Amino acid sequence: MMDSIKKYKKRIIVSLVTVVVIAAAAVGGYVGAGYYYANKNVNYSEEEAKEIALADTAGEIISIHKEFELEDRITQSEYEYEIEIKTEQNRLAEMTISARTGIIEMDDDSGDFR
């Protein structure tokens, strides 16, 4: 048994490396296509997302981050803006706004601003 493994060691290694390279290329292609569709689907800029957020929740924007969301349906991949607002009641409101649709998703864990 060990002799046959030693005899075919190079073929086994080449086969395993080939499988790993093909898998990496497939995953890279899937993620790359996701980025392509996300960039194609940006309908709202960061400034527009800020306006949407402040129209919904009065206060001061503390932070905004643009995040990539890879979806199962790759054509639905999109960017989202994660926004934190210090409200007039001194609370922290966290929300996510779709760069594709402009729809707000509120985070229920919002609390007192510290």
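This tour proceeds from the strands to the core and then to the surface.

The model is predicted, so local features need pLDDT of at least 70, side-chain atom pairs count only at pLDDT 80 or more, and totals for chains, interfaces and linings use all residues. Residues are numbered from 1 along each chain as its sequence is written, and side-chain values use heavy atoms, with hydrogens and water left out.

**Stop 1: the strands**

Select strand 2 (78-87). Helices (H or I, at least four residues) and strands (E, at least two) are DSSP runs, numbered from the N terminus. Of the 10 residues in strand 2, 7 are buried, meaning under 20% relative accessible area; exposed is over 50%, and partly exposed lies in between (1.4 Å probe, protein chains only).

Add strand 1 (residues 59-69), which runs antiparallel to strand 2 and is joined to it by 10 bridges; strands pair if DSSP finds at least two bridges between them. On this side, E60 stands opposite K86 of strand 2. Next, display strand 3 (91-98). Strand 3 pairs with strand 2 through 7 bridges, also in the antiparallel sense. Here Y81 faces I97 of strand 3 as its opposite residue.

**Stop 2: the hairpin loop**

Select N90, in the loop between strand 2 and strand 3. This hairpin has 3 residues between its strands, and N90 adopts a positive phi near 65°. N90 counts as partly exposed because its relative accessibility is 37%. To gauge a distance, pick the C-alpha atoms of N90 and E67: they are separated by 26 Å, although the residues are 23 apart along the chain.

**Stop 3: the nonpolar core**

Which residues form the largest nonpolar core? Select A38, A49, A53, I64, Y79, Y81, I83, I85, A93, M95, I97 and A99, 12 residues in total. Such a core is a set of buried Ala, Val, Leu, Ile, Met, Phe, Trp, Tyr and Cys residues joined through side-chain atoms within 4.5 Å. Helix 3 (46-56), strand 2 and strand 3 each give two or more residues to this core, and strand 2 provides the largest share, 4 residues.

Centre the view on A53. Leaving aside neighbours within four places in sequence, A53 is in contact (heavy atoms within 4.5 Å) with I83, I85, M95 and I97.

In soluble globular proteins, nonpolar side chains tend to be buried together.

**Stop 4: helix 1**

Finally, select I5 in helix 1 (residues 2-7). I5 is partly exposed because its relative accessible area is 39%.
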